[in-house]
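Please look at the model below and follow its chain from one end to the other before reading on.

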Amino acid sequence: MQLHRDREKFAAAGARLVVIGQGTPEQAAHFRKSLKLDFPIYVDRRREAYEAAGAKIATFDELLGPRVVAKGAAAAAKMGVHQGKTVGHPAQLGGVLVVLPGEDVVYCHLSDDASDNPPNSEVLAAVKAAAAP
């Protein structure tokens, strides 16, 4: 959970981190506990939030292509985590959205492949810009 590493910076900027996953409430609780995450994880078994955001279903190459596997292996080694059991649709890609109260989306990064995550600095800059008067 890349954003979790900078959770204090996000909190200081006035952001509240939230994850939406595809599993059951029990699976979300296990995921949260096993990774020691301190933000809410909501579940959307029908993936309606993914559809509303415009997140795509990946092709085989977008899931397991050489570039994706290499990038994923490097990230796993750096963070000391590994891919666990897949829950939900195995090809569902996600994204990062910054949503203001009132549901205004001021930042949206939808993943192009399974290794595509925006840098935390980019997301934090969007949070700070949204909070600026």
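The report that follows goes from the overall fold to the core and then to single residues.

This is a predicted model, in which local features need pLDDT of at least 70 and side-chain atom pairs count only at pLDDT 80 or more, while totals for chains, interfaces and linings use all residues. Residues are numbered from 1 along each chain as its sequence is written, and side-chain values use heavy atoms, with hydrogens and water left out.

**Overall fold**

The protein is built from six helices and four strands, where helices (H or I, at least four residues) and strands (E, at least two) are DSSP runs numbered from the N terminus. Read from the N terminus on, these elements come in the order α-β-α-β-α-α-α-β-β-α. The radius of gyration of the protein is 15 Å, close to the 14 Å that the globule rule gives for 133 residues, so the protein is as compact as a globular protein of that length; the radius is taken over C-alpha atoms, and the rule is 2.2 Å times the number of residues to the power 0.38. Taken along the principal axes, the box that the C-alpha atoms fill is roughly 45 × 30 × 30 Å.

Of the 133 residues in the protein, 28% are buried; here buried means under 20% relative accessible area, exposed means over 50%, and partly exposed lies in between (1.4 Å probe, protein chains only). If we take the contacts (heavy atoms within 4.5 Å) between residues at least 6 apart in sequence, 55% of them join residues at least 24 apart.

**The core**

A nonpolar core is a set of buried Ala, Val, Leu, Ile, Met, Phe, Trp, Tyr and Cys residues joined through side-chain atoms within 4.5 Å. The largest one has 15 residues, and those with the most contacts inside it are Phe10, Phe39, Ile41, Val98, Tyr107, Val123 and Val127. Strand E3 (95-99) and helix H6 (120-131) are the elements that give two or more residues to this core, and H6 gives the most, with four residues. Not counting residues up to four places away in sequence, Phe39 touches Met1, His4, Leu17, Val18, Val19 and Arg32.

**Single residues**

Four residues, two of them in helices and two in loops, are set side by side here.

| Residue | Location | Relative accessible area |
|---|---|---|
| Leu124 | helix H6 | 10%, buried |
| Val68 | helix H5 (residues 66-79) | 8%, buried |
| Lys36 | loop between helix H2 (25-34) and strand E2 (41-43) | 67%, exposed |
| Glu103 | loop between E3 and strand E4 (105-110) | 69%, exposed |

Which residues does Leu124 touch, not counting those up to four places away in sequence? They are Lys9, Phe10 and Ala13, and although Leu124 and Lys9 are 115 residues apart along the chain, their C-alpha atoms are separated by 7.7 Å.

Val68, leaving aside its neighbours within four places in sequence, is in contact with Asp61, Glu62, Leu63, Asp113, Ala114 and Ser115. The C-alpha atoms of Val68 and Gly84, which are 16 residues apart along the chain, are separated by 17 Å.

The two loop residues can be described by their backbone angles. Lys36 has a positive phi of about 55° although it is not a glycine, and Glu103, also a residue other than glycine, has a positive phi near 75°.
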